[in-house]
Every structure is written in structure tokens, then in C-alpha cells.
Amino acid sequence: MTSLSTRNAIETLCRQHQAVILALTDERLHIAVAEPPSVEMMEALRFATHAAIEVESWPPARLDQYIQAQGSGTGDETSARAGPADAVPERIDQLLQLAIQRRASDIHIEPQSHLIRIRLRVDGVLQSLPTHPADVGASLIARLKILAGLDIAERRIPQDGQFTLELNDRTESFRLSTLPTRYGEKAVIRLLQGSSQSVMLENLGMPAASLRRFREILSRPQGLILVTGPTGSGKTFTLYSGLSWLNCPQRNICSVEDPIEIPLSGVNQTQIHPRAGLDFGRILRALLRQDPDVIMLGEIRDAETAEIAIKAAQTGHLVLSTLHTNSTTETLTRLGQMGIPGYLVASALRLVIAQRLVRRLCPHCREPAEAVGHFPQAIWPGTVQNWRAVGCEHCCSGFYGRLALFELLPVSARLQNAIANEQGPDELAAIAKKQGMNSLFVEGLHCVNRGETTLEELNRVVGPENG
């Protein structure tokens with residue numbers, strides 16, 4: 001019979017190399033891995049056991065599903081118990097590696113009355129991991145606060161920080177936010193994109209005609225481009241893609257961000273620091289004395305920032321920023337509500353992009369569903385071929401990854417006049433429709449009809465018949 005110490009050693013090795021144990025006896029060790037097993041791993045396993053080693057290669061999604069089905073996967077029976085302090089860094093590394101493997105955008109560590117709940121946000125949806133005893137949570141969060149340079153003794157106020165780690169021979173960046181709750185501190189870790197290689201306009205998934213229009217307006221020497229949508233809709237990625245396309249030695253590109261999410265070589269990126277008096281407005285005013293050609297402002301948060309951004313766009317600068325609104329036409333009225341006169345908005349604004357992210361159907365298991373034809377003629381004539389998310393070893397609940405929906409509103413001469421005259425949202429929407437703008441919902445229906453997502457997913461993200 002395999003001894004407890006031998007089994008613990010094998011479980012530890014498997015956790016370190018992202019493998020799961022399928023069977024373990026004195027004669028046989030059967031494991032599954034997503035990547036080809038390394039020489040180091042096989043040598044360590046042979047040293048730990050004299051049993052014959054059998055290795056299966058599984059898709060990453062199947063490996064994840066097995067771990068979830070087992071409740072705690074390889075060795076989590078050990079890790080679910082409160083262990084010694086020196087095991088905490090290993091637990092954190094394993095959690096971060098799992099989040100990267102599953103393509104998560106965020107990790108939530110949440111104290112409950114008798115346990116710690118850990119969830120990953122994958123493709124915009126939270127997924128639960130095995131729970132931990134309540135006494136494990138404090139040590140996990142203390143370790144994260146040390147990594148992010150936060151005050152581990154301060155548990156009464158929210159704290160924010162960033163850190164980087166070497167995981168699987170790659171440097172990964174993370175942002176940590178803590179918040180006091182009823183049962184202790186809650187932590188959310190945002191996984192930051194560490195490379196600018198994928199930040200290209202071609203990777204946005206924007207339709208060809210919209211992409212050509214976006215490039216054309218980016219090529220102009222001055223004006224304001226706004227990207228709108230709720231948190232988590234991909235606005236920042238769109239801004240970075242625009243900056244990446246503009247980035248060349250002949251342009252001085254500066255950004256004000258909170259925080260800097262993707263380092264871009266050749267771009268002068270400044271992070272706000274409110275406690276030191278460095279807010280958006282102060283840095284933006286200083287940037288205007290830095291001879292910029294292009295300015296990226298992470299977010300227009302108030303009237304002061306909006307006014308500076310618009311004046312910069314009027315005086316020979318190309319300004320890119322984001323705003324939290326639901327549609328392109330709502331953006332035009334929101335600026336007016338912030339106290340910006342219509343004539344200033346009309347003279348500076350060149351393009352508004354509204355966007356959302358919907359989950360993409362897994363091509364391996366999607367199935368046609370009943371065609372839908374109840375939409376008004378103005379939204380969609382005829383029927384839309386709907387699809388069903390089934391689920392298989394390649395995906396998570398029938399979806400794999402996300403795709404972006406874009407609503408582009410170039411500011412034409414007619415729209416400029418309407419904005420300057422401060423016309424209402426209905427009039428602005430009518431002009432936008434006459435210009436040929438498709439709403440987010442209509443763009444989503446095209447994706448549904450092509451089998452890229454489902455009508456249920458479109459309704460979840462955009463809203464039913466939001467056309």
C-alpha cells in the first residue's frame with residue numbers, strides 16, 4: 001500500500017506541474033496532463049515512486065472539468081485544510097496559474113461565515129472553485145497584500161496595488177483590490193495583459209467596414225474619439241489597439257491611466273496617484289505642456305476632465321478616451337449633462353464607439369436551434385438562425401472565449417449641427433440611423449445568425465430587442 005508520505009509527495013509534484021492523479025497504487029501511477037510532461041516532472045515522479053507511470057494527454061478544458069468534478073483535484077484534500085505558513089505562497093501560485101490556464105480575467109477571494117469562497121471570472125461569467133476553511137482566507141489575503149506592497153495590518157479600509165510574478169517561465173502582472181466585508185477582507189485580483197503583441201486593430205474583431213472607418217478617423221491630426229460601454233466591455237483594449245496602430249517615432253503619444261494595464265513601448269504612460277495629488281485633471285494639464293500629438297485618457301470621469309479633453313482635441317491633438325454610457329447617442333447627451341456646451345462637443349468629437357463582449361460558441365459542440373423571426377422589420381427582416389450551447393471537453397458550458405460587438409457613430413456634418421443645437425437623444429438616434437449605423441443588438445443578431453453566439457447570450461449582455 002502506498003504510504004501517506006509518498007502519496008503527499010506525488011500530489012505535491014502533480015500540483016506543481018498542473019497534472020491530475022487518475023489512479024495510484026504500489027504498481028501503477030496514472031496521471032493526466034494538458035501539456036507534454038517535462039523531463040523534470042517525470043524524473044521527480046520516478047524518484048518519488050517505483051510504480052509504472054502512465055500519462056494521458058487531455059485538453060485543458062477536460063482537465064479543468066475533472067478538477068471541478070473531483071471537488072479539489074490533485075492533492076486539494078491536503079490544500080483544503082489549513083496548512084503551515086510556508087504553504088501559502090505555493091497556494092497563491094497554484095491559484096494564479098489555474099486562473100491563467102482557464103483564461104480568467106479576475107479572481108475573487110470572498111470570506112463567508114464558515115468558509116472561503118473562490119471564484120474565477122471566465123468569459124465574463126463567474127465560476128466557483130472548491131471552497132477552503134475560513135482560517136485559510138486571512139493567510140491568502142495577507143500573502144497577496146505583501147506581494148502588492150500593501151499594509152497587511154490595515155483591514156478596515158480598501159487598498160489597491162499591483163504585483164508581478166514569474167509563473168511557468170513567464171512574467172505575469174496582477175492588480176489587487178481589497179475591501180472590508182462582514183466576515184473579513186475580500187480580495188479581487190485582476191489579471192493584467194503583460195504583452196502588447198496582441199494589442200492590434202486587426203485583433204479587435206471589428207467588421208471590415210467599421211475597421212476602415214476607425215483607421216481613417218485615427219489618421220486625423222486632431223479630434224476626440226470616445227469608446228463607451230459598461231465595465232468589462234473591452235473599452236481599454238480598444239483604446240490600446242488604437243494607440244498601438246498610431247505608435248511610431250514620428251508621434252509623441254502620452255497616456256493618463258488608472259492603472260497602466262498594458263505597457264506599450266514608445267508610449268509615455270503616466271499612472272494617477274491621488275494621494276500624491278496626481279489626478280486625471282492635473283496630469284492632463286501637464287501633458288498639454290509636453291508637446292503631445294496623441295493623448296489617451298483612461299476615462300472621462302467629471303466635467304473638469306471632459307472640458308480639458310475637448311479643449312485639447314480642439315487645439316491640434318488627437319484625444320482618445322472612454323465614458324461609461326450604454327450607447328453612442330447616449331454619449332452625446334451625457335457630455336451635455338456634464339456641463340459641456342453642445343457647440344464645444346460638436347467641434348471636437350469625431351467618433352463614438354459603443355461596445356459589448358458576448359461569449360463565443362464552441363465550434364466543436366454548438367447545435368442549431370429553432371429559427372427566430374419575431375423581430376420588427378426595422379430591426380431584422382426575416383428569421384435569425386439561433387444556436388444552442390451544448391458543452392464538451394473543449395469548452396466551458398458550450399462557450400469558449402468572447403467576441404466584441406461594435407456600434408460606430410462617426411460625427412457627420414449633419415450630426416454636428418444637431419449636437420451644436422443640443423437636440424434630444426431621439427433626434428440624434430434618428431440621424432445616426434439614417435447614416436446607416438447598426439445598433440449593438442443588430443450587430444449581435446448578425447453574430448447569432450452566423451453561429452458565433454446565441455440569442456440568449458445576446459439578450460443577457462445587450463438586452464432584448466435593444467435595437
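The following exchange examines how several descriptions of this predicted model are justified.

User: Why is Lys-145 called buried?

Analyst: Lys-145 has a relative accessible area of 1%. Buried means under 20%, so Lys-145 with its 1% qualifies. The residue lies in helix 6, residues 134-147.

User: What makes the approach of Asp-151 and Glu-154 to the side chain of Lys-145 a pair of polar contacts?

Analyst: The backbone oxygen of Asp-151 lies 3.2 Å from a polar atom of the Lys-145 side chain, and the backbone oxygen of Glu-154 lies 2.9 Å from a polar atom of that side chain. The limit for a polar contact is 3.5 Å between N or O atoms, and therefore 3.2 Å and 2.9 Å both fall within it. Lys-145 also touches other residues, including Leu-150, Gln-159, Leu-176 and Glu-185.

User: How do you know that the length of helix 10 agrees with its number of residues?

Analyst: At 1.5 Å a residue, the 12 residues of helix 10 should span 16 Å. The end C-alpha atoms of helix 10 are 16 Å apart, so the two values agree.

User: What makes Asp-302 a cap of helix 10?

Analyst: A side-chain oxygen of Asp-302 lies 3.3 Å from the backbone nitrogen of Glu-304, at the N-terminal end of helix 10. With a polar contact set at 3.5 Å, the 3.3 Å distance is within the cut-off, and the pair therefore counts. Just after helix 10, Gly-316 takes a positive phi of about 95 degrees.

User: Which residues of helix 10 are buried, and what do they pack against?

Analyst: Thr-305, Ala-306, Ile-308, Ala-309, Ile-310, Ala-312 and Ala-313 are the buried residues. Their packing partners are strand 11 (223-228), helix 9 (280-287), strand 14 (294-297), strand 15 (318-323) and helix 12 (342-348).

User: How many residues form the largest nonpolar core, and which helix gives the most to it?

Analyst: The largest nonpolar core has 39 residues, and Ile-300 and Leu-332 are among those with the most contacts inside it. Helix 10 (residues 303-314) gives the most to this core, with 6 residues. Apart from it lies another core, of 28 residues, among them Leu-96 and Ile-118.

User: Why are strand 1 and strand 2 said to pair?

Analyst: Strand 1 and strand 2 (residues 28-33) run antiparallel and are joined by 5 bridges. Pairing requires at least two bridges, so the 5 found here satisfy the criterion. Ala-19 stands opposite Val-33 in strand 2.

User: What makes strand 1 and strand 3 edge strands?

Analyst: In the open sheet, whose strand order is 1-2-3, strand 1 (19-24) and strand 3 (52-57) each pair on one side only.

Terms used
Residues numbered from 1 in each chain as written. Predicted model: local features only at pLDDT ≥ 70, side-chain atom pairs only at ≥ 80, totals over all residues. Heavy atoms only, no water. Core = buried A, V, L, I, M, F, W, Y, C linked by side-chain atoms within 4.5 Å. Buried < 20%, exposed > 50% of the residue type's maximum accessible area, 1.4 Å probe, protein only. Helix = DSSP H or I, 4+ residues; strand = E, 2+ residues; numbered from the N terminus. Expected span 1.5 Å × (residues − 1). Contact = heavy atoms within 4.5 Å. Polar contact = N/O pair within 3.5 Å; in protein donor to acceptor, adjacent residues only side chain to side chain. Lists of a residue's contacts leave out its neighbours within four places in sequence.
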